[in-house]
Amino acid sequence: MSEAARPANPPSRRTAGTSGSGDPASDHLVVVYDLVVGEDEAAPGSPGSAGGDPLREPDALREAQLLDWRVDQPASTAALLFELRTARQLDEGNTALLVMRGLRSFDWTAGAAPEGPTARTVVSGVPGHLDGLFRAEFSFFPDSRLEMLGQRSEFYVLEAEGIGDVPPDRDILPDRDIPPGRPDGEAPHVRGLLPSWDSLCTVLRTSVSP
């Protein structure tokens, strides 16, 4: 699944170079998906929960937008990629990554699919525990819901390189910019203005499920 983001007059955000706790962040750049597969386990960032932590606080990702997910069945891992420039509870970074390890269940439900790629905006998020496992539950607009259950979860606030301060407005894109037959319907220049799994980023803050 790949969803495009829409601007919602996002507040000013901290940029790479300052972490959520105010400490200088390293200029060490990582590829987003390397954090999922563990190829950059030593990626720096401000540890702990400095506020706006969806692993501890309900609705911490409110109005962030779900861009994509990946489920790696052999590794029992699921990862969610979020656009943060529209988020209301987080004032740092432009990208977020939530990884569930030791995945036991991944349940996505949605209403009728709208025409074309559509942003899935977080309406609510509830972290918790069930039978000794960590549970993350999200509701989105348009009508959709996701629930994951696993052994532990990690959350990363990231600053992706080269995507600007404001997410692209898909309503003003000319149809001619969308190549015929492209499965996700995304114009190339739109994808270049959104975070992706291949984005180079700075890790501003990390947390692990309690």
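In this predicted model, Glu-147 is a buried residue, with a relative accessible area of 16%. The threshold for that label is under 20%, so the value of 16% places Glu-147 among buried residues. Glu-147 belongs to strand 8, which spans residues 144–150. Leaving aside residues up to four places away in sequence, Glu-147 touches Ser-105, Phe-106 and Asp-107, and also Arg-135, Ala-136 and Glu-137. Closer along the chain, the side chains of Glu-147 and Arg-145 are joined by a polar contact of 2.8 Å.

One of the residues touched by Glu-147, namely Arg-135, is also its partner in a salt bridge, where the closest N and O atoms are 3.8 Å apart. That pair links distant parts of the chain, with Glu-147 in strand 8 and Arg-135 in strand 7 (residues 133–141), twelve residues apart. The two ends of the bridge sit in different accessibility classes: Glu-147 is buried at 16%, while Arg-135 is partly exposed, with a relative accessible area of 27%. A further salt bridge brings together the side chains of Glu-137 and Arg-145, at 3.0 Å from N to O. Here Glu-137 is partly exposed at 22% relative accessible area, and Arg-145 is partly exposed at 27%. Through salt bridges that share partners, Arg-135, Glu-137, Arg-145 and Glu-147 are joined into one network.

It is worth pausing on the general setting for such pairs. Side chains of opposite charge can pair when their charged atoms come close. The structure as a whole holds ten salt bridges. Another of them is formed by Arg-205 and Glu-92, whose closest N and O atoms are 2.7 Å apart. Arg-205 is located in strand 10 (residues 200–208), and Glu-92 in the loop between strand 3 (77–83) and strand 4 (95–101), so this pair ties together parts of the chain that are 113 residues apart in sequence. Both partners are enclosed: Arg-205 is buried, with a relative accessible area of 1%, and Glu-92 is buried as well, at 3%.

The loop that carries Glu-92 leads on to strand 4, and burial is a theme there too. Seven of the seven residues of strand 4 are buried, so the strand is largely enclosed by the rest of the structure. The cover extends to both faces: on one side Thr-95, Leu-97, Val-99 and Arg-101 are buried, and on the other Ala-96, Leu-98 and Met-100 are buried. Strand 4 also has pairing partners. With strand 3 it pairs in the antiparallel sense over seven bridges, and within this pairing Leu-80 has Leu-98 of strand 4 as its bridge partner. With strand 9 (residues 152–160), strand 4 again pairs in the antiparallel sense, over seven bridges; the bridge partner of Thr-95 in strand 9 is Leu-158.

Leu-80 also offers a route from this part of the sheet to strand 2. The C-alpha atoms of Leu-67 and Leu-80 are separated by 7.8 Å, with their positions 13 residues apart along the chain. Leu-67 is a residue of strand 2, and at 4% relative accessibility Leu-67 counts as buried.

Some backbone details in the loops deserve a look as well. Between strand 7 and strand 8, the two strands that hold Arg-135 and Glu-147, the loop includes Pro-142. The peptide bond joining Phe-141 and Pro-142 is cis, with omega of about 0°. Ser-76 has a positive phi of about 50°, although it is not a glycine. Ser-76 is placed in the loop between strand 2 (65–72) and strand 3, and is partly exposed, with a relative accessible area of 29%. Asp-131 likewise has a positive phi, of about 55°, and is not a glycine. The place of Asp-131 is in the loop between strand 6 (120–130) and strand 7. At 75% relative accessibility, Asp-131 counts as exposed.

Note on methods: Residues are numbered from 1 along each chain as its sequence is written. This is a predicted model: local features need pLDDT of at least 70, side-chain atom pairs count only at pLDDT 80 or more; totals for chains, interfaces and linings use all residues. Side-chain values use heavy atoms; hydrogens and water are left out. A salt bridge is a side-chain nitrogen of Lys or Arg within 4 Å of a carboxyl oxygen of Asp or Glu. Helices (H or I, at least four residues) and strands (E, at least two) are DSSP runs, numbered from the N terminus. Buried means under 20% relative accessible area, exposed over 50%, partly exposed in between (1.4 Å probe, protein chains only). A polar contact is a pair of N or O atoms within 3.5 Å; within protein, one must be able to donate a hydrogen and the other to accept it, and residues adjacent in sequence count only if both atoms are side-chain atoms. Contact means heavy atoms within 4.5 Å. Two strands pair if DSSP finds at least two bridges between them.
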